[in-house]
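Here's a quick walk through one protein model and the ligand that comes with it. Have the viewer open as you read.

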Amino acid sequence: MRYVSTRSLEGPRISLSDAILSGLAEDGGLYVPSKMPAFAVSDFEDRESLTDVAVRLLTPFLAGDQLAPSLAAMCHEALDFPVHLRPTPELSAGTFMLELFHGPTAAFKDVGARFLAGCFERMVADDERPLTVLVATSGDTGGAVAAALDGRANVRVVVLYPEGMVSKRQEKQLTCWGANVKALRVRGPFDACQKVVKAAFQDADLRHRYRLTSANSINIGRLLPQVAYHAAAALWCQRQTGAVPAFIVPTGNLGNALAAIWAKALGFPIRHVRLATNANRTIPDYLTTGEWSPSETIPTLASAMDVGDPSNMERLRVLYPDVDALRADVSADFVTDADIRARIRSDFEASGDVWCPHTATAREVYARLSVAEREAGPWVLVATAHPAKFESIVEPLIGRDVPVPPALEAILERPSRVTGVEADVAAVGKVLAEW
Ligand SMILES: *Cc1c(COP(=O)(O)O)cnc(C)c1O
């Protein structure tokens, strides 16, 4: 399998390892497989566990790459925490929550980050100089990437986050790691962190001297394992209910939802994918009007979905160049902060279920379905994070504490290490030089 840029589908074809190491293509596009493999449900008859499904599904994507012999080991490593498809009789029969938040940092990004970390480690294990992963984060991504790379051989990670802009628990998830992870608390907003990272990559000397690479959500190495859990959930749901499910996916940069749409394109039993966005409604507006008009990002309660210009749209367009074809398979609704609050409160009162603000958008979109839509077949709602991660939003709404899951608890008890820096690429250069 070779990979091409979304901006030159007939252009240069590179290996998966090269696509992972470069992150973004040189022409600014995103990497996609030059040809999508195709599966039949019967190919997975003997596969039940997520890891077993992932290994078979990902085999053609790694074919011919140096990482291919490590695929099974990488899937076992990345997916060694439970991913549940939980029936929800309190909503209605045939409705399930796909719980992706039982990993070390309690959000779905753990899956992609851990798979990517496994790829990096294997690619550079025998090299003379370590690889340095540079990430700017507004919260969730940096924690997942730091946790995933902690202790890996020959890979270091520098995480930049904006001072005063991340929650206490998120800050702990950025700062509690071992010697190969450095957290930099930047005096400035998230945009300033992103600018520093960009400037570091544009500095050819820094880039080569420290072998800089990125781990952001457009990396194909994060996307691929996300396809696997949607595919596995579709198989599990079909086996349990005898029918083909539709999915509702909380959506920001469109990484997680694109993975569900790829699973459908590969032939897995998914009848429709419904996107739930927050007030950043670029995608719902596109589906309504057919016009792509990215906008400034609006801050919301579901902050990990605050994206005004979702980058994975480029990959979606390769699959659906025609908006009408897209509308047949994919729909989208946006959910305001007021609706998120009301949904968290009312579901807790009705059933005791507690959602994180992101998952609440999917629950709200489900609540808006017509009876006919609900009865058309089973629904899988993707739960992207544990509510304990967003306690300062959720606890006042439900009027009680949210118990912290053990994996998150273990992190919260660790000591922190962090360096405060100015929003200046020279500060990063200094940290790297003194490491
Ligand atoms: C990142 C994130 C999202 C959005 O996922 P995308 O892949 O960017 O669409 C939703 N919920 C949570 C909890 C997240 O961390």
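The notes below go from the ligand site to the nonpolar cores and then to two individual residues.

## Ligand site

First off, keep in mind that this is a predicted model. The ligand has 14 residues around it, and the ones that come nearest are Lys109, Asp140, Gly252, Asn253 and Asn256. By type, that shell splits into 7 polar, 5 nonpolar and 2 charged residues.

Which ligand atoms should you look at for polar contacts? Try the oxygens: one sits 2.5 Å from a polar side-chain atom of Lys109, and a polar side-chain atom of Asp140 lies 2.7 Å from an oxygen atom of the ligand. The backbone joins in too, with a polar backbone atom of Gly255 placed 3.0 Å from a ligand oxygen. On its own the ligand has 380 Å² of accessible area, and the protein covers 97% of that.

## Nonpolar cores

The largest nonpolar core counts 102 residues, and Leu57, Leu98 and Phe120 touch the most other members. Helix H9, residues 220-241, gives the most to this core, with 13 residues. As a rule, nonpolar side chains tend to be buried together in soluble globular proteins.

Phe120 is a good one to click on. Setting aside neighbours within four places in sequence, Phe120 is in contact with Ile20, Leu21, Leu131, Val133, Leu149, Val155, Thr213, Ser214 and Ala215. Apart from the largest core there's another one, of 33 residues, including Leu301, Val335, Phe348 and Ile398.

## Val181 in strand E7

Val181 belongs to strand E7, which covers residues 181-187. Is Val181 buried or exposed? Its relative accessible area is 3%, so it counts as buried, given that the cut-off for buried is under 20%.

Leaving out residues up to four places away in sequence, Val181 touches Ala146, Asp150, Val157, Arg417 and Trp435. Val155 is 26 residues away from Val181 along the chain, with 9.0 Å between the two C-alpha atoms.

## His272 in strand E10

Over in strand E10 (residues 272-277) you'll find His272. With a relative accessible area of 16%, His272 is buried as well.

What does the side chain of His272 reach? One partner is the backbone oxygen of Asp329, at 3.2 Å. Another is Ser331, whose side chain is joined to that of His272 by a polar contact of 2.8 Å. Beyond neighbours within four places in sequence, the contacts of His272 are Pro245, Ala246, Phe247, Arg327, Ala328, Asp329, Val330 and Ser331.

Notes:
Residues are numbered from 1 along each chain as its sequence is written. This is a predicted model: local features need pLDDT of at least 70, side-chain atom pairs count only at pLDDT 80 or more; totals for chains, interfaces and linings use all residues. Side-chain values use heavy atoms; hydrogens and water are left out. A residue is near a molecule or strand if one of its heavy atoms lies within 4 Å of it. A polar contact is a pair of N or O atoms within 3.5 Å; within protein, one must be able to donate a hydrogen and the other to accept it, and residues adjacent in sequence count only if both atoms are side-chain atoms. Accessible areas come from the Shrake-Rupley method with a 1.4 Å probe; for residues, only the protein chains shown count as cover. Ala, Val, Leu, Ile, Met, Phe, Trp, Tyr, Cys and Pro count as nonpolar, Asp, Glu, Lys and Arg as charged, and the others, Gly among them, as polar. A nonpolar core is a set of buried Ala, Val, Leu, Ile, Met, Phe, Trp, Tyr and Cys residues joined through side-chain atoms within 4.5 Å. Buried means under 20% relative accessible area, exposed over 50%, partly exposed in between (1.4 Å probe, protein chains only). Helices (H or I, at least four residues) and strands (E, at least two) are DSSP runs, numbered from the N terminus. Contact means heavy atoms within 4.5 Å.
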